[in-house]
Amino acid sequence: TQLTNTNKMLKSYAGITGLKTGTTNGAGVCISASAVRGGMGLLAVVLGSPSSKERFASATAMLDYGFATFEAGAFPQIAGRADTLRVTGGVEQQVALDYTVPEKMLLKKGEGQTLTAAVVLPEKLDAGTQVASVTLKAGEEILGEYPVTTRSEVPQMDWGTALSLLTKALFTL
């Protein structure tokens with residue numbers, strides 16, 4: 001048995017990981033091509049090419065442009081980061097924080113050298129309030145903001161809870 005593959009890029013494009021070629025009346029001559037270089041994966045989709053040769057040329061041009069222009073960068077260390085925050089008016093005295101930031105991100109080449117990330121946390125947090133957000137910048141340009149949340153909810157202290165905790169503490173001595 002012999003298998004043939006119509007994706008000519010599998011033999012000619014460095015880092016190609018595959019995907020699919022096809023031709024239909026509605027979409028024309030098409031390809032979706034994926035490639036990985038330097039830990040960064042890209043996808044090129046070409047629809048409606050006049051010929052098979054042109055679909056490969058277009059996909060190659062798109063992938064070449066992507067690898068020449070962009071890079072996968074690590075999210076920078078967050079200035080001002082703390083793992084916990086003091087809580088006032090809550091059942092607990094402190095709460096663990098959760099930073100929802102990506103490990104890697106798509107960046108313009110060289111932009112990774114200028115990335116900074118910072119968070120400004122309050123000294124203490126009132127029970128039941130939002131914490132903060134991490135601001136990601138390239139130079140002075142803000143690229144994004146990512147939420148900082150508490151890992152668990154800290155209920156507000158009330159008389160009933162305080163009395164219950166006091167009673168529990170007295171009987172466990």
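A residue counts as exposed when its relative accessible area is over 50%, as buried when that area is under 20%, and as partly exposed in between. Keep those cut-offs in mind, since several stops on this tour depend on them. One more thing before you start clicking: this is a predicted model.

**Stop 1: the whole chain**

Show the C-alpha trace first. Along its principal axes it spans about 80 × 45 × 30 Å. The radius of gyration is 27 Å, whereas a compact globule of 173 residues would have one near 16 Å. Switch to cartoon and you will find three helices and 12 strands. Buried residues make up 31% of the 173 residues. If you turn on a surface, its accessible area comes to about 11,500 Å², and carbon and sulfur atoms own 54% of that. For a contact map, take the contacts with a separation of 6 or more: 54% of them link residues 24 or more positions apart.

**Stop 2: Leu19 and strand E1**

Select residues 16-24, which form strand E1, and pick out Leu19 within it. Is Leu19 buried or exposed? Its relative accessible area is 55%, so it counts as exposed. Now check its backbone: phi is near 110 degrees, a positive value in a residue other than glycine. As background, most residues other than glycine have a negative phi.

**Stop 3: the E2-E3 hairpin**

Move on to residues 28-37 (strand E2) and 40-49 (strand E3), which run antiparallel and are joined by eight bridges. Val36 is a handy marker here, standing opposite Gly41 in E3. The hairpin has two residues between its strands, and Gly38 takes a positive phi near 55 degrees.

**Stop 4: the seven-stranded sheet**

Next, colour the strands of the open sheet in their order, E5-E9-E11-E12-E7-E6-E10; the pairing is mixed. Look at the two edges, where you will find strand E5 (78-79) and strand E10 (124-126). Each has a single partner strand, so one side of each is left without a neighbour in the sheet. For a look at one pairing, zoom in on E6 and E7, which are antiparallel over three bridges. Leu85 has its bridge partner in E7, namely Val95.

**Stop 5: the largest nonpolar core**

Show side chains now. The largest nonpolar core has 22 residues, and those touching the most other members are Phe75, Tyr99, Val119, Leu121, Val131, Val134 and Val148. At least two core residues come from each of these strands: E6 (84-88), E7 (94-99), E8 (104-108), E9 (115-119), E11 (132-138) and E12 (141-150). Which strand gives the largest share? That is E11, with four residues.

Centre the view on Val148 and display its surroundings. Leaving aside residues up to four places away in sequence, Val148 touches Leu97, Asp98, Tyr99, Val119, Leu121, Val131, Ala132, Ser133 and Val134. Apart from this core lies another, of 14 residues, including Tyr13, Ile16, Ala35 and Met40. In general terms, nonpolar side chains in soluble globular proteins tend to be buried together.

**Stop 6: Ala82**

Select Ala82 in the loop between E5 and E6. With a relative accessible area of 26%, Ala82 is partly exposed. Beyond residues up to four places away in sequence, Ala82 touches Leu97, Tyr99 and Leu121. Draw a distance from its C-alpha atom to that of Val120: the two are 38 residues apart along the chain and separated by 9.8 Å.

**Stop 7: the aromatic pairs**

How many aromatic pairs should you look for? The count comes to two. Start with Tyr65 and Phe70, which are edge-to-face at 6.3 Å centre to centre with 75 degrees between the planes. Tyr65 is exposed at 53% relative accessibility, while Phe70 is partly exposed at 24%.

Finish with Phe75 and Tyr146, also an edge-to-face pair: 5.4 Å centre to centre, 85 degrees between the planes. Phe75 sits in the loop between strand E4 (70-74) and E5, and Tyr146 in strand E12, so the pair ties together parts that are 71 residues apart in sequence. Phe75 counts as buried at 12% relative accessibility, and Tyr146 is buried with 18%. You have met Phe75 before, among the core residues that touch the most other members.

Technical notes
Residues are numbered from 1 along each chain as its sequence is written. This is a predicted model: local features need pLDDT of at least 70, side-chain atom pairs count only at pLDDT 80 or more; totals for chains, interfaces and linings use all residues. Side-chain values use heavy atoms; hydrogens and water are left out. A nonpolar core is a set of buried Ala, Val, Leu, Ile, Met, Phe, Trp, Tyr and Cys residues joined through side-chain atoms within 4.5 Å. Buried means under 20% relative accessible area, exposed over 50%, partly exposed in between (1.4 Å probe, protein chains only). Contact means heavy atoms within 4.5 Å. Two strands pair if DSSP finds at least two bridges between them. The radius of gyration is taken over C-alpha atoms; the globule rule is 2.2 Å times the number of residues to the power 0.38. Accessible areas come from the Shrake-Rupley method with a 1.4 Å probe; for residues, only the protein chains shown count as cover. Rings of Phe, Tyr and Trp (its six-membered ring) pair if their centres lie within 6.5 Å; planes under 30 degrees apart count as stacked, over 60 as edge-to-face and the rest as tilted.
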